[in-house]
Amino acid sequence: MKRIKVFVPGKFTVQAPVNHPDDVAVLHAAGARELYCGYITPELAERWPVAFRILSQCGHGKEFENISIFENIVAKAKALSLPLYVCVSGQYTPEQYPFLQPLIDTIEAMDGVEGVIIADIGLLLMLRARGFKKKIQVSTNGAASNARGVDFLYTLGANRVVLDRQMTGAEIAKLLDRQRTTVEVDLPIIGEPCDGFIGGMCAMYHCIENKPSSGGGSNSMFCSVFNTTLPARGCDFYQVQGEVQRFSATDGSAAGTLVSDRAKAVSLGCRICDLYRLKKYPIRSLQVVDRNRGLDDIRRAVLVAASAVELMRMPDLSENAFRVRCRRLLSTVMFDDKSMCAEQDCYFSPYWKRHGKAVRKSIFHQQDR
Amino acid sequence: MVKPFEKAYFISKIAEAGRECARVYIGTEFCENLIPTLPALREWYAKVRSLRAAFTLVTPYVTDAGLDRLKPLLSFLDKQGSAEAVVNDWGVLTLLRDNYPHIEPVLGRLLTRQRRDPRMDQILDGSQQPVTLQAPDGGTPTVLMPKRPPRATAAHFRGSLINVPNFQKFLSGWGIRRIELDHLPWNMDVRLPPRLRASLYIPYAYMATTRMCGKISLSYAPCRKECKKYFLKLNEPHSPSPFYSIGNTVFYKQATPDDRKLKELGIDRLVIQPRFPF
């Protein structure tokens, strides 16, 4: 298949999650040019309750069960000419398909809906078989991480593929160089909900973590244990033998031979630094991820992304200058200048290559023996 | 006569292959940095064939750089004419189909999308205990009573994508005749047509994986191969098995089901992991 490139460099659009009809205008004003949301029929919700519908493994998704609210969002997005995508992004078993059919029918019949966001190959096959007429976006939970994988999804009917969140800028660039089909390849950006594992390959269910050992609070994110625990010995890696209790979320204190230090946890980063390197590629959309955040958080993230896109259009702006401006943007917009873009908290930052060893030592020193 | 289960050993040292070993799995499911070199693969292949065992190369999820690393290995195996490759990435499957027609593709356990979290066991079998939440201001505590999930939800957790007829048909179209599964703590439901067979990995079932092992190991280095030296064991009171974090992946341990259950599930191969598959 010959690839046809019709693309204006640096012309990204920002896709944002929307959780309420009133949010549509706010996000549009912030710079969002596409929206996405979840909708589920009451029949599906009854058989597979919210705690067990897997949305980013959290199970407490922002899916509308009320059709009138959903229709209201669709109407408002349409009035502002904002393409709206609807998430049907679970992993489904055969018993769910009879209930998915009417959901897909409803979505397909709605005039203001641009397409669906899915993560399940089985559902993709079903959509292809029934000749689904709207666009199909494969979510980052499809875990595509190479050009062949992206092209494969295209052959199954995907119009757009959002890449795995853990890819580096260099890996993304290589993928885009090799991609052979015209499928749109998009990037997840700002607001990584999971700071540890690959979403599409994770089987942890945070909805079941409201347990006494985690303080009984809301989702304690068991997987963050793996990011925030330090060894009892300052070795190259943690090696814990014998009985290790679960990390205590209530007071951050040691549990067993592990201690927690959330302040030192490293995030996946916002990824806007990568955009400069990628601006020559035909990436169309930047997806602000995580539907579970509040409107203000999402609005700020959209502002940062949209402003970074504007920055890229400036002629003669070097990559370094772009990064500096982006960091300032992040500090101002996301943190009200109360905090800086924490380069040392970003996994993708070159900071770690320069200072990783020293920082690690400072993290570990209290545990050294 | 009843056909016995094929015993395959997923090993990193040839001495780990048992006497009854009919097949050897070599490679990695989780990390492209651990893909063997071509000389290493040649050596492995010769050793395995000298045991008169069949050969399976296990491949991980990959970036384009990882695809490049796999090409010489697949090219070598294709010429041998009788090897399998377990694919855990759709890109690798297309690579096989386009270029290496003599290698038998097997759908890896990262693509079979089972519901794996062992902590669901207590919820599904109704043995959860009430939870008392202390009020932050010292007021009256709230007691949360366990609630059993609806029957449909329990059934959902027992099954997976592999039971979807359309998907099964699709696999056949891509020349896949075998899928790889983990053994779940609850009564799993596998419904395969006769054209599809299944392997079961024991004792380590995978739960989550990442490409950012430097983050999990707090080394923040691209790859220091800590996975070859250390692992973390976490005892989780709500799980029937501890969790093991090794390298970039989290596992839990499962017992082998009895023969009757294996037959019921359509499983005709056990993939035995004498140690963590790293």
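Contacts in chain B (heavy atoms within 4.5 Å) lean on long sequence separations: of those with a separation of 6 or more, 67% join residues 24 or more positions apart. This is a predicted model, in which local features need pLDDT of at least 70 and side-chain atom pairs count only at pLDDT 80 or more, while totals for chains, interfaces and linings use all residues. Side-chain values use heavy atoms, leaving out hydrogens and water, residues are numbered from 1 along each chain as its sequence is written, and chains are lettered from A and ligands numbered from 1 in the order written.

Of the 278 residues in chain B, 62% are buried (under 20% relative accessible area, 1.4 Å probe, protein chains only). The chain's C-alpha trace spans about 70 × 50 × 35 Å along its principal axes. Its radius of gyration, taken over C-alpha atoms, is 20 Å, which agrees with the value near 19 Å for a compact globule of 278 residues; the globule rule is 2.2 Å times the number of residues to the power 0.38.

Over in chain A, helices α4 (residues 97–109) and α5 (residues 121–129) have axes that come within 12 Å and cross at roughly 55 degrees. That makes α4(A) oblique to α5(A), the class left once angles under 35 degrees (roughly parallel), over 145 (roughly antiparallel) and 65 to 115 (roughly perpendicular) are taken out. Y97(A), L100(A), Q101(A) and I104(A) in α4(A) meet G122(A), L123(A), M126(A) and L127(A) in α5(A). Sorted by class, this contact has 6 nonpolar, 2 polar and no charged residues, where Ala, Val, Leu, Ile, Met, Phe, Trp, Tyr, Cys and Pro count as nonpolar, Asp, Glu, Lys and Arg as charged, and the others, Gly among them, as polar.

Conventions: Axes are lines fitted to C-alpha atoms, for helices over the stretch in contact, and angles run from 0 to 180 degrees between N-to-C directions. Helices (H or I, at least four residues) and strands (E, at least two) are DSSP runs, numbered from the N terminus. Buried means under 20% relative accessible area, exposed over 50%, partly exposed in between (1.4 Å probe, protein chains only).
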